[in-house]
Structures are given as C-alpha cells and as structure tokens.
Amino acid sequence: MRHRLLPRAALLLPLLATAPHAATAAQAGGTVEGLVELSPRAARRVAATYPGAGGGTHLVGAVPPVAFIAGSVGGAPAASAQPRRLEQRDTSFRPALLVVPVGARVEFPNGDPFFHNVFSYSPAKRFDLGRYPRGESRAVTFDRPGVAKVYCEIHQWMRAAVVVVENPFHATVGADGRFRIAGVPAGRRRLTVWDVDRGERTVEVTVPASGTVRVQVRL
Amino acid sequence: MRWTGARGAGAADLLRTSFRARLLFALVGSVGLLLAATLLVVRLQTRREVGALVRRAVERTNTAFGEMEEARRRQLGGYAARFAGSNRLPAALEEAAAGPGAARFLAETALYELQLAGIPTALAAFADAGGVPVAAVLDGRVMPDPAGAVPAGAAGGAAGGPEGAGSYHRVGGRLFTVQTVPLALFGNPVGTLTLGVPLDDAAAEQLGRSVGAEVCFLSGGRCLAATAAVRRGGLERAIAGAAGAGTPRRIRWNGERMALVPARLGRRAGPDGVSRVVAVPLEEVLTPFDQLERAQAAAGAVALLVAVAVGAVLSRSFARPVRALVSATRRLAAGDLETRVPRAGRDELGTLAAAFNEMAHGLMLKERYRGVLDKVVSREVAEELLKGEIRLGGETREVTTLFADVRGFTPMTEGMPPERVITLLNELVGRLGAAVESEGGVVDKFLGDGLMAVFGAPAALPDHPLRAVRAAVRMREAVAGVNAERAARGEAGVEVGIGVNTGPAVAGNMGSPGRLNYTVLGESVNVASRLCSLAAGEILVSGATWARVAGQVDAVPCGERRIKGLSAPLAVFRVRGVRAPPGPGGPVARAAAVLLALLAGAPGAAQPLPTLAELGVAWSSPAGTVQVTPRGRLELESHLPRAEREWQVPGSEPGLQPRLVLAADAFAGSRWYASVAVHADRARPLSRGGASVRVEQAFLRWSPLGGDRLAVQAGQFASPFGGYPQRHHTADDPFIRPPLPYDHRTMVSAARVPAGPAAFAGWKDAPDPHRPEGASAVWGAPYPSGALVMGRLGRLDGLVAVLSSAPSSEPRRWRHRPGEGAGASVAARLGLQLAPEARVGVSYHRGPYLEPDPAGGLPPGARAGDYDQELWAVEAAFARGRMTARVEVLFDRWEVPRVSRRVRDRSWTAEARARLSPSLFVAARYGAVRFGRVAVEGRPVPWDYDADRAEAGAGLRLGRNTELRAEYLILWTDAPPAGGDRAAAVRWSYRF
C-alpha cells in the first residue's frame, strides 16, 4: 500500500501550488535544506480507496507533507491579504494542501454539480460550512496558526489540510523527501515538519546568515 | 401343674396380644402405606407439573425478552450504524482523543446527533482506540465524568463481534441495554461508540405483561428495573435473595405461592453482572393439587379409621375363638374332659375348634373307658388294652390262679336293703382284690360274691405260686379283720373259701376283636375254681402249687379229691400259713444246674429261657420283707482286628473273650439293699494276666427315709464320677467300648516320674512299648471301694463320696488295701433334671494317682500322695421318643512331679442313639481328647498327641434275654505314624 502511495504522491507533486513569496525571501538569509524520512509505518493506516455512490471507488485524497518555520520571524516580509481558494472539484479538494498566513481568508467554492458539506473539527479552526450547491462558495478566515484538517461530510474520501503559518518560510516536501527553504533570517529557528497521516515534528535549527543548513527529520 | 398352667396362661396372653396387635398392625400398616404411596405420587406429580409450568413460563419469558431485546438492539444497531457511518463523530473523536479540549466538543456533537436521531434519553459514550473513556452523554446532558459510562472491555467487545457488542451496562443506578460500535476515519479505527437504551421499569412492565409474570432486573444486588407489582409489594428483597441462587426458589408472597427463576444476562458474572428474575405465579396450578391432597388426606384419615375399626373387629373375631380354644385347652388340661368349644364357623379356626372338640371327645371316651376298664379288669390289663396293643389270642404260660368266694353272705344280708347289701359286698370283695394286688396278682374278674385272680400273667412273676398263696393268706386275714369288726358290733361273720392252683394256661385276649377280655383259660384255672368250691372257709391248694411253695408254706395234706373234669384225683393241701424260708443250699445247687444247661444250649435257644428267679433260684422271707434275687450275665466279646493302638484301654486281643457275671440283689424291707457281683474273665488289662475270678462289686446301701431321697452306701461299687460308669453295662449304652475320654492313655504315668518338663514332653515320642506305661484319663468303668452319701431333693440330686483310688487308677488299685495306696480321693456329683427329657450334671473327682513308690523317683521330700489328679466332668442328656442324645466334657488336671501342677488335658464325647424298633437300636458317637502345653525352656510344648474317635454301633435284642452288639470305630491321632486306625468289636450277651 505504502509503495503505491508514494509514487502517486510523487505524480501529484506538479499539481501542488507553492507559495510565490518563498522566492522573494530567499535573497537575504540562509537556506534550510532538509530530508524528511517518512517512516514506513504510518501513525494510522488509511484505506487507499473508498466506496462512493454509484458503486465506484474513490481514491482517498492525498496530502503532501510540508515543512515550515514555526513561530513569527522578525524581519520577514508581511503576508499579502489576497484571498485563497480551496475548491471542491471531482469530489476532491484542490489543492489538497494549502499553506496560508494567519488571518488569511480562504474561499471554498463548489465546483461539482452536487452538494458538498465542508467541515473541520480541528482545534486550529473549527468550522462547518453546511451544504451548498454548485457555484456557491463559503469563506473561512483562519485566525490561529495550526493545521486544520478539512473533510466533506458527504464524500468521506475527500480530505485536505490548511496549514496556517506565522511567516512565509515553508516548503512542500518532495516525493524524494527533500525540501528547501531559502532566505530564512539567521538565528535559531524551530522547523516543523507535518504529515497528514504521521502527525508533526518540530526541530531546532540554527540558520546561518548565508549559506545552507541541512537538517534531517524523521517522521 | 401350676407351673405348666402359668406358662400356658402367659403364652395365651402373648398370643392374644401379639396376634391382635399384629393383625391390626398389618391392616393399618397396609392402608397407611397405600396412603403414603398415593400422597407421594401426587406430590411427585405436583412437583413435575410445577416444574413444567415454571419451565414454560421461563421459556416464554426468554422468548418475549429475547424478542424485546432484539427489537431494542436492532434499533440501537441502526443508530450506531448511522453514527458510525458519518465521519463527523469519528473526526470529533479523533480530535478529542488527541487533546483534552476537544472532549466537550465531541460530547456536544454526540448530543446533537442523538437529538437529531430522536433518542435524547439514550446513553452515548466514547472511548478512544485504547479503550480510554473520552466523553459521554446521558439524558441529553454531557456527563462530567465519562469513566463509568463506557462498559469495561468495550473496545475489545467491539472488536470481538456482535455478540460482545450487545450487553448490559449499569450507569448511575440505571440499567441500559448497550451496543458498542467502532468508529473509523478513512477506515482507520479511532475509538468506539457505546450506545445504550434504558432497561427500566417500563421495559420490565412490558415484558411482565407479555408473559404473565413479575419480572425484575438486578445488578449489584439491587433491583434496577421491575414490574410495578414487584415495586409495590416489596418483593425486591426476596428476588434479590433468589438472584444469588443458581436454581429456582419457591416462596410465598402476600399469600400467593410463586417460583423465582433467576437467569444471568450478558456474559459478565459477579456483583456487576446483570441478572433477571422471573416470578412465576404458582397459585393457579397448585390449587387443584392442593384440593386433591386435602381430599386425599381426608379420605386417608377415614380409611385409617376404618382400617383400625375393621382390624379391631377382625382381630376380635379371630382372637375370640383362639381365646376360647386356649381356655378350653386349659380346662382340658385341668381334667375337665367335658369341655367343648363352640364351632366358630367354616374357616380354619372352625376346623380347629371341631378338631379340638373331637380330641376332647376322644380323650373323654378314653378316660371313661379307662375308668370302666379299671373297674372291670385289672389296671395292668387295662393299660395294655388302652395302649392299643391288643392282640387276639394269647400265649401258654404257667400261672397260678386263685378263686375266692365269700360264704355265709346270704344269711348275713337277710333283711338288709339291697343298696346296703351291695355296699357290704363291694367292701368285702374290694379287700380281697387289694390282697391280690398287694402280692402283684391281677384280679381277672369279680364273680358276684367272689373273684378270680391270676398270678404270673400278664406280668411274669417268677414266684407266682408263693405270691398267690400269700395273697390267699392275706385274704383270710382281711376277712378275719372284717369279722372282728362285725363281732364287736354283734353281727354275724362271713367266711371266705379260697382255691389255688398252678399250671399252664392260655393267657391273652379272648373274645371277638370288638369285645375282648384279657383272661386266662385252661384246665388249671378250672381246677382252682373247683378247689374254691371245695374250700369251706379255708385255703386249698393243689399239689402242683404245693410243690412250688413247699419250703415256705405251712400246709397239711387233705388227701386226694376227685375233681370234675379231671381223670386223676388231685392231691389237695390246706394252707395254714406262710413260714420262714429254708437255707440257701438247695437253690444254689439248682442255680448251678440251670447255668450248666444254659451254657450248653442257650445261644441257639429260640424260646425265651427262664431267668434264675423264674427258675426259683431266689429267696424271700415268709413275710416277704427280705428278698434275694440272683442275676447272671454271660458275655462273649471279640475285638477285630488288632490294629488299634496299644494305649487304648482296656487292652484287647482278637478272638473270643468270655465273661461270666453272677450277681445277687438283696432287699431287706424298703430301707436296706445290698448287691454283689462276681466276674469271671481274663483280668484287665489282658496283656497282664490270665483268667481271674473276682468280686467286682459288693456294697450295702441304707435308705433311712425309704425311696431314694437319702442313702448311705459303702463297699465296692461303680465310680460315681462322670456319666459313663453308671450306665456302662446297661442297655442305655449301646457301645462295647467306653467313650474316648474313658478309653485313652495319656503320657502321664502313675509309675514313673519324669526328670523334667523336657523329658516329660519327650515321652510322647518314645517307642511304642513305652506307651502303655501311661495313665488313662479315666479308667473305663472303675469299681473303687469307698463310701458315699447320696440324696435327692425335688429335681436336684447329688452325692459325695470318699473313694480308695484316683479316676485313672488301674484295677489293682481299686480295692482298698491299708497302707498301700497313695491316699483317698474325694468325688462329688450334682445332677439336675431340667425337664422330663433333659438332664444336666457336673462331677468332680480329686485324689492322688501315683503309685506308692514311682520308679522314676520323686523329688526329695515329696511323697506320692502329694500329687493329685483332678477331674471335672460336665454332662447333659436329652431323651425324647426314640432318640437319646448325650454330651460329656471332661477337664483333667495332673500334678506331675518335676513338671507342673497344671498339666492339663480336656476331652469330650457326644453320642446319639435311636431305637429303630423295640429290638433294634443304633448309635453314633464322637470323642476327642486335647492336650495342653507344658513349658519346656520357656516354650509351650504339647505334652501328648491329640486324638479323635468316631464310632458307630448297633444292638439287636433277641428275645428278652439275648442281645447282640456290634461297634465300628475310626481313630485319628497326631502321634506318629499319623493317620487313621480302624477297629471293630462284637459282643453277644445273655442275661439270666
């Protein structure tokens, strides 16, 4: 199962959107390069497929791991107030992983020709958008840092995660487990790595003024 | 008689009470048993019915409850599936399990879902994947502490399947039917949800109504849910008690009986386990049985009463004739031969009564006949007739006939009334008859004023002529007495004429079988009658009679008379009186002549030969006060073969051994008696001597009180010790040999003294010739000399004797020779006649047994007289009809010099004898002797070899004089060579 999961995750990688501000921050500060070793045994076993209506089977939504610097970072560029979108289409959340700054407002437009009922019971942001038809959208403002796992009550194989961060330094972990966060201001920083099935881990890194610090995180 | 009567009354009482009681007991007992059995059957049936009812009720309850529970569970299952199917609750649980803050949210979510589902009162409890309670909702409220709301093992139960999932749970004093389902997110278990609906009074009421019983659900000893009746009546306590028991229990509650049937719900046992008790009402099913039982008890009581009454009546009706029979029997025993019992009916008792009446009638007739016969014929003849031994015809024998006739009777009675005449005649003739009977004669018939008497028939009397003459003299004296009385009154006297003749006559029962008359017939009888006619107040005897009594009777010849019917004239003598007898020379010579004749021809004699007394070899004083009667016995004995052990005493040899015994008994009056017996045979033991003639017995006995009440005796006589010596030569003992205890030599010697215990114990293994040295336990039949006093008191008799020799002493020591014996011994005997058939006795004998100077030498300072032999004998005899049985046990103790004063042996003999016919008798005997032990170097060693002997004997009497005996015996002994030994003995004996 796991072997099949990882290649699929790798295939999905090009679809994932990366925050554009990461590149701007890379000019001043050090780079954090890391290798995430995903343990072969996940914290929980997840069914690969899910029975859907009409007898078909559905893939459980895959959420890539993410690495980010926890806490606020002095001197970091402010996040833009631009609204974000987490669309429901083809009974999937797109994108499956959305990293937003604290205070960001996220739209949940329904792109499918049927109702969805998006909710999250995560302490980072509990919300229940209720059911709404195609074309309609609801918005949620994420005002606390943390990770909110997003589900649809009607289509139980759908899942997504909204990672609410306090600084712009984050990166999606690649299929090979590698990530690179550039332009992190020097100093001692906490690096958090999160995976939907394995939970999260935070390590201390000392970011140099310039150059690269390499970390290895086992999750 | 009184004793017998008392015993009879006691037995009758016993019979009466026990018979009635038993009958009553049988009746009442059988009725009672029947009742008990019926009651038992009804009880069993009741129990079975109740059991079936309870079972049915429980089954019904189970079914109803099962259906109810299934519906509830189905509903619960539906909710659970719905909750589990959504990802909201799993998502909330996942968050709650991750952090404590989310638990409240989870509970509220659950509350929302329950309200949405429309079961707001239900229980919902969550546990995480590890089974730890996370949150719970009850009655629409969030429970502050969810810990008690989740059933233990819910996580495991959830994994275990539907069975485990369905159970019961107690939360806050309420009972819930719970169902636990797993919650999963994306197929991943995040924990469990336990949904429960209350099992409350309403549910119990619903169940109770549907099954018609009271129901209660319990846990922890408390009634958590129950039907209204249980709640109302306080039945909970009884039910709580019953729940603990594993089996149904019956109680009475508010006057109604019910069965409490407990059942465990769910899999959990112990105090937290949940159980259900169904109270099944029994009143309805028990009522008919109760009525039945009551009716049965009433009917049973009536039946018992009837049984008692019927039993009493029946037993009375049975006992009355029995009682009547008993009292009639008692009256009969007392001599009332007219006694009859009423015929009770046609049953067995009636038959018994009839048989009794017949018996009484028969007895009465017999007694009446006896009375008549006693009057008509002599008592002896009457008894013979009544014994039924009446044969027609008779035997020719020599008798003396006497006719007496009263003269001058007619003139004397002139003018007397006839009754007076008869009385006088009877008085006179009665006196004449008494004279006849006093001399042993028989009044054959009364002949008006006279009588006819016979001497010598039916009982043989050797001296019948003399007796007849003496009777005649007595008659004359009697008449003289009557005349003297009459003369004193001035009345005329009478005379009696008597005729006596001796000669052959036919004696026997004459007449027809229907009417017999014992009498004597013959010419000699006629002659006596004629002599009587001739006699005028005198006694006339014929020459034949005179020849027989010449020595004792004083008579004068009256010449010869012609007698009618006799061709020759008859010499007639007139008797003057009976005189003193002549000297003994004549009879002795005659006895010797008779003896010689017997020796020549007696064994082959077909006819009974006369005895010495019958031949007139006897002497009697004229008054008859002194009588000497001789007896003789000739024996021929043979012991075959000579295989028997040498130490058997007396020693024996093959071939014929003759023995002649001549004895004489002398009576002087009724107080003095003397007896002498001379034996001529080969001396005992045979191996030690040749022929000898010796006086075996000679003694004088004085009975100062007459009879046998008290007697003193001195001389030489048979030893009074033990049972055997007294009867050893009588027909009572059918054997030739003495019994084993009297016929066995022990290793104790009278002539030798052992050197010590070892030597003594070794004697028994010495070579055979040594054996005869030993002393016999008791000599066969010793005749010691001595003196004794004996007496009898009621049924008790006893004697004390001083004797010259010990029980084991050999014959040469029997007769006392001053200065020779070791000393006198004492003997005693006590006998008790328990019943006419049974007798017991004990004997004792103790005295020195050693020879005056034993060859072995006595210890220094000891004398032969210091060593005693002591014997105890216990005997018992029983005789009934033709059977006789006898047992005798002897305990022997020897004082053996240098060995012990307690050298013991014991022996016993048991004997049974049967008389097969008047002339044939058989007997069997068993004897054993057992020897004690002496200490040889501290070890008990038997001092002689035990022996056993079995014997069979038979005797045949040929006529009245001759007897043949044969005996066969088998002897076993441990003495080497071990094994059995056989011997036989025969004896022919002739008494004269």
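User: In this predicted model, is Arg898(B) buried, partly exposed or exposed?

Analyst: Arg898(B) sits in the loop between strand 33 (883-896) and strand 34 (900-917) of chain B, and its phi is positive, about 70°, although it is not a glycine. A residue counts as buried with 20 or more other C-beta atoms within 10 Å and as exposed with 12 or fewer. Because Arg898(B) has 16 such atoms within 10 Å, it is partly exposed.

User: Is Thr91(A), which has a positive phi without being a glycine, buried or exposed?

Analyst: Thr91(A) belongs to the loop between strand 6 (87-89) and strand 7 of chain A, and its phi is about 45°. Since the threshold for burial is 20 or more other C-beta atoms within 10 Å, and Thr91(A) has 20 of them, Thr91(A) is buried.

User: Which peptide bond leading to Pro95(A) is cis?

Analyst: Pro95(A) lies in the loop between strand 7 (92-94) and strand 8 (97-101) of chain A. Most peptide bonds are trans. Here, with omega near -5°, the cis bond is the one from Arg94(A) to Pro95(A).

User: Which residue of strand 19 in chain A stands opposite Val32(A)?

Analyst: In chain A, 3 strands form an open sheet of mixed pairing in the order 16-1-19, with strand 16 (178-184) and strand 19 (212-218) at its edges. Strand 1 (residues 30-37) and strand 19 run parallel and are joined by 7 bridges. Opposite Val32(A), in strand 19, stands Val213(A).

User: How many residues on the side of chain A that touches chain B are nonpolar?

Analyst: The contact involves 11 residues of chain A and 13 residues of chain B. On the chain A side, 3 are charged, 2 are polar, and the nonpolar ones number 6.

Terms used:
Residues numbered from 1 in each chain as written. Chains lettered and ligands numbered in written order. Predicted model: local features only at pLDDT ≥ 70, side-chain atom pairs only at ≥ 80, totals over all residues. Pairing = 2+ DSSP bridges. Helix = DSSP H or I, 4+ residues; strand = E, 2+ residues; numbered from the N terminus. Contact = placed C-beta atoms within 7 Å. Nonpolar A, V, L, I, M, F, W, Y, C, P; charged D, E, K, R; others polar.
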